[in-house]
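Visitor: I'd like to learn how to read helix packing and chain contacts in a model. Can you walk me through it?

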Amino acid sequence: MSGTHEGAFEALRAQLQETAATFADGPGALEGILLGIVDDVDRAVREPLEIFPVCHHSPASAIAMARRLREKQPKVVYLELCEDMAPLLTELRNCRLPVAVQSFATEVGGFPAEWSPLSVVAPITEASAEYQAIAYALDTPGVELVLVDRSSDHVFQWDARADHPAEPGADPGAPEAPPAEEEAVLHGDAIGVEIGDLRPRFAELEEHLLRHGRVRHWSEWWHQYVELPLGDSDHDTYRQVMLLIGSLFRRLAPGDADRVRVDEDRERFMWTRMREHLAATGTDPADCLYVCGAFHAASRVAEFGIDGTDTFEISPRSATKWLHGLIPSSHAAIEAQFGFAAGSVSIAATVWAKNVKRTRVQPYRLTGQAGAPSKAKKIAAGAPVPAVPASDKLTGFLRQPPVLDRLDEAELLGWSVEIVRAARRNGYLASTADAIAVFETSILLAGMRDRARPTPYDFQDAAVTCIEKDSVPGRRDVRRLVEIMMGGDRVGQVGYDALPPLARDVHDRLAPLNLKLQQRGVQRALLDITSQPALEQCSDVLWMLRYLMPHGAARPIMGERKLGERPIQESWDVALGTHQRALIELGYEGVSIEQVLEQRLRRTAYSPQATAATVLEAVEDATLYLRSRRIADELGTRALEVLSAERSVDGAPEVLRRVRRLLAYYRTSEPVLPPWIESFVKTGYAHYCTLLPTAFTDDDATVRQVAAMLGFLFSMESLALSLGCDRTQLELAVAQSHPQDPSRTALLWAAQVQLGHLSRTELRARCDELLSNPMVVPAYPRYLSGFVHALEPVPGLTDFVVEAVSNAFGRLPDPVLLPWLPTLITTLRSGGAELAPLLIREAGRIFPGRLAALDAWVPPWRAPQGTEAVRVARRTDADHGCTLLAAHPATCDAMASLLGCEEPWQTTVPQPRGAALAALHPATAAALEAVLSGPGHL
Amino acid sequence: MSDLLRAPAEIKYAEELDWLESIDDNPKPFSWRLSPKMVRLFILGSERSDGLDREISQKWFGDRSFVERSIVTLASDRGLLLIGDPGTGKSWLAELLSTAICRNSTLVVQGTAGTTEDHIKYSWNVSMVIAKGQSRQSMIPSPIMTAMETGAIGRFEELTRSTSDVQDALISILSEKYISVPELDSDNIVFAKPGFSIIATANSRDRGVNDLSSALKRRFNFVRIPVMTNRKSEAEIVRFRTEELLHRHQLELDVPPTLLDVLLQSFADLRAAAAAAGSDDEKLESALSTAEQIGVLEDAILHSNFFGERALTARTLASSLVGSLARREPEDLAILNKYLHGVVEPRSKEEGGSWPEFLEGGRDAIATLS
């Protein structure tokens, strides 16, 4: 036990009292603070359960921790980390650090729905005290690791946003300018929790410390004034100094009530949990070690200590369903999340590696830890060193002069040469002379800032001064190059065994591709499914991943997935390693990607905003990706419900497109149509019939939407009628429609033509009338746009539309025609992308193909007799089929009697065939042949 | 001192420099008059924790590391090139550095399109050459050569305004540290004494006019001075420069802090508008730098002192602002008019204070100009 003698700090107390009296005008606030700090240290040191104060990403803390664990060999380690994260820690051995332990919840109960999904991450790096504690506890038999901090659920329960809903985000350490690099956003928008958050909460204090420390960042200050002096200090000094800093920051913090409340509640929580554990297991507090941030070690709550009061009641967790996993993290992500200086975590990692070598402390490391050096061998734990009462180490520490780290010339030379090489590789015109200049400038800068040894930050400044010129030649500037050189960003990786079942399943199923999917970066997969049918399974997985994961995780380069088509060859860019977090978070939603996809499709279909079109899309996706009739049917039924409830026709074009596609698919691939689609057509027919008259007059409905409704009605008509719909309903609906708008009127005319209520001659006459009436001519283009849209429901009118457009060009006056042309083009491009080819094909058929023929060409509609002749000829030609009927009248008679038709047989006089005419006048044919094959033929 | 319109820093702060020199016991590089730490203290001002008997005022406002990097560069083998937008205080920093290091900030070559190599090296007193022939006596050394001979800091303002061949004359000066005078038969090399270095300034908006050669770039360390965006620091600069100005003109005029706020706020608004503008026609021609703010204030102070009621008013400030910033007609006037109506008018209704008077003054000035 490392308690202190009674009154160990008396000398220090007296001294500080004197100081306060000298510098302040009298005993008051200053004295209170100074003596309070000593009280805090004294109290924490005297606590029978040993408190080990740490600071996050501090190599000094990590070294001290490793040393202390080897000395003390505690049987129970209490750690300040969310208690619900405990089961995952053993999985750390399967990962390459840094990784983050994540708690994740989408099913939110008891919190505002807009907070969903809830996510808490606790990043763990190798150069941290908490990793030492975890590795020791998990790998030493008989040692128990107990996480005592509030659960992820309490993180949100105590979130100040609940009281002040207007406040955005809950990331207290958000940096001013977070780097937007890919590695920096590895944590997504999770809330970060960290062991040992130790930073002045009083902006002026931090500013003051930075200014007088002649440093730029808090990380640099810490490195310079805490890390270095504490580097080789003994356990008691380390502990007392850390407690002192924790207490100082605590006492100088402004009263941010919410933050103080959360901090104190956490301390109450932790001590309550520890006392519960001690009581339950009967462990001797002397065999335990409590690892917490120095800030919490200097706590003044009543519950503090094993003899503290038991007045804190831990609130029950909410109904939220929490899931846990490990996600990859990176130094840059940690820096961005907690507002450290860029590169500081990397520098901490480098310092840790150096300290381990220098101090010869054997750090703990989880067996099987990925990325561990192979030589790491377990050394036998020696016998615990008996504790001796600690004496006052603070006085000596506070009195000692600033630690002047000696200049490590070899190291600085190495850095200087290295940065010049890196700069050259990145396009800078750097030379050996620059290396010399950087070396010299670093020493000079460090001298100006009162230190003998340049810190990495001094070196960075020197490198920027000497190498950076007026522009950056490559992608990275010198500042970034130094950061990379000092350790660079390290991105962690969650090992296969630590992945959730879904992610493991994905990896297993993609194994036939023979790709290293764990690696970061894009990899190309080639799937020749015809020669290797087994790869079709991989293709299925990749398509689902494309649907579920963020853009770039799986991207098809060649190949597409359409209803009713089988894949032949596909090529993919896969980047699962880069998007590991997304894959792991997918794992929280289900055990297989099919399950997740199914859930997502269901969620889309059953969301309150769902429209018939979106539900049909979900049906299509279910068929495409899941190939599941069951889900497709279920969602189809849902589409039916949504359609019947819809009162607008906004989604009509999309509904028409999707239903047509699904119908075509089911007709070709299934023996019978699924019942839902039959009902859908039936309901749709009735639904759109009902809505048609309103849509024709409704200003909110566009022509395209009305055209799509008509399209649905006409193209599904045969199916609908076969299912028992009544055509009268449609006829009535059309008869009730009285549009005012010219384009809708044109649409109505087209519908009437389709229904046989209006002949083409009448339609033509109406158009002519419009053109000849100078009062309505300006509206003619709008009629035309209606006709163009009418091609969707009535494709048979194509030739008429060509005629109408031609007439417009021929007869419309320029002041009407020219302003309308851009509208026509934009209408065709935006609204009628699929209709334009139809029009063009028909126009190509009607108009002469050669320039020479244009002079003699007469439009078919200008030669009514000719057209009639052609029609008659066609009709008579068609009549020839009737000869068969006339030869065998019995069938016809039977049918006629069945239908109750009493009319007698009519016979037609056979007329000469067209070929006979050619045979009579062969000269024409010969001349035509000469024209077509002659040399002058253009 | 009172007979100088603008005393150079070494005269203005002579007493402070003497005092600093007397207490400076840190090691000094070469022939520097102050140690690097004292140079920093002189430029950035002292604090209580420095434990000095008297207070040293802050003379240059900006990131401390820029000053440290500049000092260290001058203590090394290389020249210092301060680069930044107009009005960021490059020349002022250069002047302070040379003052603190060698007590002479006047060895200045001004780079222009007409600068020749003679301005950098030496030229000849023609009548003396005719009378006595070419000798060291008939030679006219350039400020840079003088700096070399005395081991002082030579300054080269607007380096990138002079042509590339002239710039390249600096290459040998910076690497060999001597200038040879081939016209002389003996004593024909001028060697630089320890302590010699060059501080050059370059305007980053002039990039591409006369780009520095790679050889010259190598011999300079670049320190980029960014535009001041921190409102607190900017207010300090404006206040500091205004005091200096009042002192120079021997004026007894009070600048109310509220008016300083109005000025800073209006510049901040106009900068935001310029940043959001789509084309050059939609933004003022002025760069809206801190130096221009000081210009506006100076104009207003002088105007109120000589033509007004010897007190600075918001009305005068507004008319100076319009007068200084409206350079193009009608574009700039339209922008200022829009600013007055769209931003100042609602603000004067909401906040009151000096804003209504400022609005009125601005309107009058625009009416007069258009």
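Guide: Sure, let's take the fold of one chain, then a helix pair, then the contact between chains. Keep in mind that this is a predicted model.

Visitor: How many helices and strands are there in chain A?

Guide: Chain A has 40 helices and eleven strands. Of its 938 residues, 40% are buried. Among contacts in chain A with a separation of 6 or more, 77% join residues 24 or more positions apart.

Visitor: What describes two packed helices?

Guide: You quote the angle between their axes and the distance between those axes. Here, try α21 (residues 593-606) and α22 (residues 612-626) of chain A: their axes come within 9 Å and cross at roughly 165°. Angles over 145 degrees count as roughly antiparallel, so that is how α21(A) and α22(A) run relative to each other. The crossing of α21(A) past α22(A) is left-handed.

Visitor: Which residues make that contact?

Guide: On α21(A), they include L597(A), L601(A) and A605(A), while α22(A) brings in, among them, V615(A), A618(A) and Y625(A). By class, the contact between α21(A) and α22(A) counts eight nonpolar, two polar and three charged residues.

Visitor: And between the chains, how many residues does each one put into the contact?

Guide: Chain B gives 22 residues and chain A gives 15. On the chain B side, α3 (36-44), α4 (64-75), α11 (214-219) and β9 (220-225) each supply at least two residues. The top contributor there is α4(B), with seven residues.

Visitor: What classes of residue make up the side of chain B that touches chain A?

Guide: That side of chain B has nine charged, seven nonpolar and six polar residues.

Technical notes
Residues numbered from 1 in each chain as written. Chains lettered and ligands numbered in written order. Predicted model: local features only at pLDDT ≥ 70, side-chain atom pairs only at ≥ 80, totals over all residues. Axes fitted to C-alpha atoms, helices over the stretch in contact; angles between N-to-C directions. Helix = DSSP H or I, 4+ residues; strand = E, 2+ residues; numbered from the N terminus. Parallel < 35°, antiparallel > 145°, perpendicular 65-115°, else oblique. Left-handed = near helix turned anticlockwise from the far one by under 90°. Contact = placed C-beta atoms within 7 Å. Nonpolar A, V, L, I, M, F, W, Y, C, P; charged D, E, K, R; others polar. Buried ≥ 20, exposed ≤ 12 C-beta atoms within 10 Å, placed from the backbone.
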